[in-house]
Amino acid sequence: MTKSPSTLGIILFIATMIVFFVVYTFFSGINYFDISLKANAFVLPILYAGAAFWSVKLYWNNHRVVTFKEAFKRSFVPMFIGGILSIFSIYAFLNFADTDAKKLLNYQYVQRQKSELDTEYTSARKIMKHQKDIDELDQKYNERLQSFSPEAVKGKDMLTASHFSGYFAAILIFYVVLSVFFGAFFRTRSIYQPEETNQD
């Protein structure tokens, strides 16, 4: 059953949603965005790479000849199915089932951006010695700060369909690169044919 790339893709989708709902259930507080970011950056890539490896390895174990194309497909298909189903499901959940979670993520995203701006500004100001440079930095900081005003961030949404499409496009690059690696690694490099014996 688990030898089918499509089946592995469904399993990967279920595993992804389990990770999503664990974070949603237990960490949807003041660190919801940060923990979601860490799960996407560390947990899911390992999960997807593991599933891709397992898919190709199962095929490789049972076939004497493995082409690059077949290894690539066996790696890519589970990740693509798991990824696209997850993207659609998470988008639907945040935009229709629990819009409060979406609002919280958007708010924490803006706050994180502002915090990073403040950190960069403070660090840069500490090392500057000339008043002219400090004044220029202050001016740029105050200009950037305007983008975080209540009026500017009102209605700001990083979880729209277009944003999710962009996220998935970036994820696809990861899938392709990983599949190329596994395709090159598992392909049969040489096919040895038994030598023919000449009988006199």
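Let's start with Leu37, which lies in helix 2; helices here are DSSP runs of H or I with at least four residues, numbered from the N terminus. Leu37 is partly exposed, because its relative accessible area is 36%, and the class boundaries are under 20% for buried, over 50% for exposed and partly exposed in between, with a 1.4 Å probe and protein chains only. Along the chain Leu37 and Ala52 are 15 residues apart, and their C-alpha atoms are separated by 22 Å.

A word on the source: this is a predicted model, in which local features need pLDDT of at least 70 and side-chain atom pairs count only at pLDDT 80 or more, while totals for chains, interfaces and linings use all residues. Residues are numbered from 1 along each chain as its sequence is written, and side-chain values use heavy atoms, with hydrogens and water left out.

**Helix 2 against helix 3**

Helix 2 covers residues 32–62 and helix 3 covers residues 68–97; their axes come within 8 Å and cross at roughly 145 degrees. Those axes are lines fitted to C-alpha atoms over the stretch in contact, and the angles run from 0 to 180 degrees between N-to-C directions. On the helix 2 side, the contact (heavy atoms within 4.5 Å) is made by Tyr48, Ala52, Ser55, Val56 and Tyr59. Helix 3 answers with Glu70, Ala71, Arg74, Ser75, Pro78, Met79, Gly82, Gly83 and Ser86. Sorted by class, this contact has seven nonpolar, five polar and two charged residues. In that scheme Ala, Val, Leu, Ile, Met, Phe, Trp, Tyr, Cys and Pro are nonpolar, Asp, Glu, Lys and Arg are charged, and the others, Gly among them, are polar.

Ser86 of helix 3 deserves a closer look. Ser86 counts as buried because its relative accessibility is 3%. Leaving aside residues up to four places away in sequence, Ser86 touches Phe13, Thr16, Met17 and Tyr48.

**Two pockets**

A pocket is an open set of points on a 1 Å grid over the protein atoms alone, where a 1.4 Å probe fits, with protein on both sides within 12 Å along at least five of seven lines; lining residues have an atom within 4 Å of a point. Its volume is the space filled by probe spheres set on the points, which are joined across faces, edges and corners.

| Pocket | Volume | Lining by class |
|---|---|---|
| Largest | about 890 Å³ | 24 nonpolar, six polar and two charged residues |
| Second largest | about 200 Å³ | three nonpolar, four polar and three charged residues |

The largest pocket is lined by 32 residues, and Ser36, Asn40, Leu44, Tyr167 and Ile171 lie nearest its centre. Two or more lining residues come from each of helix 1 (5–27), helix 2, helix 3, helix 4 (99–127) and helix 7 (161–186). Helix 2 gives the most, with ten residues.

For the second largest pocket, the largest share of the lining comes from helix 4, with seven residues. The lining includes Asn95, Lys102, Asn106, Gln111 and Val153. Gln111, placed in helix 4, is partly exposed because its relative accessibility is 37%. The C-alpha atoms of Gln111 and Ala51 are separated by 35 Å, with their positions 60 residues apart along the chain.
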